[in-house]
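Please find below some notes on the model, set out as numbered points for discussion. They begin with a single side chain and then move through the rest of the chain.

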Amino acid sequence: MNVKSFAGGRMAVAAGVVLALGWGVSAQASTTTPTTDRGVAGGTLGSGGRGTKAAVATCSPEVLGMSASKEPADGEDARHLLLTVQNAGDRKCSLYRYPLVRLGAGRTTAPVIEESAPDPDKPLTLAPGEEAYAALLVNGPMDEYEAKSITLTLQGRRPGAVAGGPVDVPMPVPTLYANDGQRVTYWTTAPGYALDFIMSR
């Protein structure tokens, strides 16, 4: 596994908005082997009076810096994390849906909070240097297990496909205490928006 991080990246901290409990989450915690997606997302550009397709590559681990931070930074525990990726390449690339996150030796990836995506089928395109965020709830009110790693896999353009292999994200604390209550949000460019979906849980 590759280990990706970026030094000195800005980490946005946002206050959570109290939301009602019981929002739906996807049952798509991955237990099957996904396929690798090398597809591109098309965009339209004008050229000589005729529309042409401009390919935007799917973001891959090779062009992204990744980190995880505790929210709030001075909190007593690490139940709420902000996952950050930055396009460290020299071209635009697109993120799809939400990160597939596995904590430690967890049996499945974290289910997604469906309400966190205004348009779940629309990719999120990052220009060079731009960042995207996903919020991760580590646990709920159930039995916990110790997790000493965060593994993140990017989804591909097609549902069920992945873009590259799993990546070990640097841990914000030595040990996380995770359980089946863990949840993740869709990618967004607004960190506060992502955190709103987990901070009241």
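1. Is Tyr193 buried, partly exposed or exposed? In this model, which is predicted, Tyr193 has a relative accessible area of 31%, and because burial requires a value under 20% and exposure one over 50%, Tyr193 counts as partly exposed. Its ring forms an edge-to-face aromatic pair with that of Phe197, at 5.1 Å centre to centre and with 75 degrees between the planes. Phe197, by contrast, is buried, with a relative accessible area of 7%.

2. The count of aromatic pairs comes to two. Besides the pair already described, Tyr98 and Tyr186 meet edge-to-face, with 5.2 Å between the ring centres and 75 degrees between the planes. Tyr98 belongs to the loop between E7 and E8, whereas Tyr186 belongs to the loop between strand E16 (183–184) and helix H1 (191–196), so this pair ties together parts that are 88 residues apart in sequence. Both partners are buried, Tyr98 at a relative accessible area of 2% and Tyr186 at 8%.

3. As for the overall make-up, the protein chain has one helix and 16 strands, and buried residues account for 47% of its 201 residues. Among the contacts with a separation of 6 or more, 81% are between residues 24 or more positions apart. The accessible surface comes to about 10,100 Å², and carbon and sulfur atoms contribute 52% of that area.

4. The largest nonpolar core holds 37 residues, and those that touch the most other members are Leu95, Leu103, Leu176 and Trp187. Once neighbours within four places in sequence are set aside, the contacts of Leu176 include Ala78, Leu81, Leu103, Val138, Ile150 and Met171, and also Glu146. A second, separate core has nine residues, among them Tyr133, Ala135, Ala194 and Ile198. As general background, nonpolar side chains tend to be buried together in soluble globular proteins.

5. Strand E12 (residues 150–153) deserves a careful look, since Ile150 and Leu152 point one way from E12 while Thr151 and Thr153 point the other way, and all of these residues are buried. In a regular strand, side chains alternate between the two faces of the sheet. E12 pairs with strand E8 (residues 100–103) in the antiparallel sense over four bridges, with Thr151 as the bridge partner of Arg102. E12 also runs antiparallel to strand E14 (residues 167–169), to which three bridges join it, and there Ile150 stands opposite Val169.

6. An open sheet is formed by four strands in the order E5-E6-E10-E16, with antiparallel pairing. Strand E5 (64–70) and E16 each have a single partner strand and stand at the edges, so one side of each is left without a neighbour in the sheet. The pairing of E5 with strand E6 (residues 80–87) is antiparallel and comprises seven bridges, and in it Leu64 stands opposite Asn87.

7. Two points of backbone geometry should be checked by eye. The peptide bond from Glu71 to Pro72 is cis, with omega near -10 degrees, and Pro72 sits in the loop between E5 and E6. Arg97, although not a glycine, has a positive phi of about 55 degrees; Arg97 is in the loop between E7 and E8 and counts as buried at 17% relative accessibility. For context, most residues other than glycine have a negative phi, and most peptide bonds are trans.

8. Two further sites complete the list. Ser94, in strand E7 (residues 93–95), counts as buried at 1% relative accessibility, and a polar contact of 2.9 Å joins its side chain to that of Thr125. Thr108, in the loop between E8 and strand E9 (124–126), counts as partly exposed at 30% relative accessibility. Although Thr108 and Asp180 are 72 residues apart along the chain, their C-alpha atoms are separated by 9.0 Å.

Definitions and conventions: Residues numbered from 1 in each chain as written. Predicted model: local features only at pLDDT ≥ 70, side-chain atom pairs only at ≥ 80, totals over all residues. Heavy atoms only, no water. Helix = DSSP H or I, 4+ residues; strand = E, 2+ residues; numbered from the N terminus. Buried < 20%, exposed > 50% of the residue type's maximum accessible area, 1.4 Å probe, protein only. Contact = heavy atoms within 4.5 Å. Areas by Shrake-Rupley, 256 points an atom, 1.4 Å probe, with all protein chains shown as cover. Pairing = 2+ DSSP bridges. Polar contact = N/O pair within 3.5 Å; in protein donor to acceptor, adjacent residues only side chain to side chain. Phe/Tyr/Trp six-rings, centres within 6.5 Å; stacked < 30°, edge-to-face > 60°. Core = buried A, V, L, I, M, F, W, Y, C linked by side-chain atoms within 4.5 Å.
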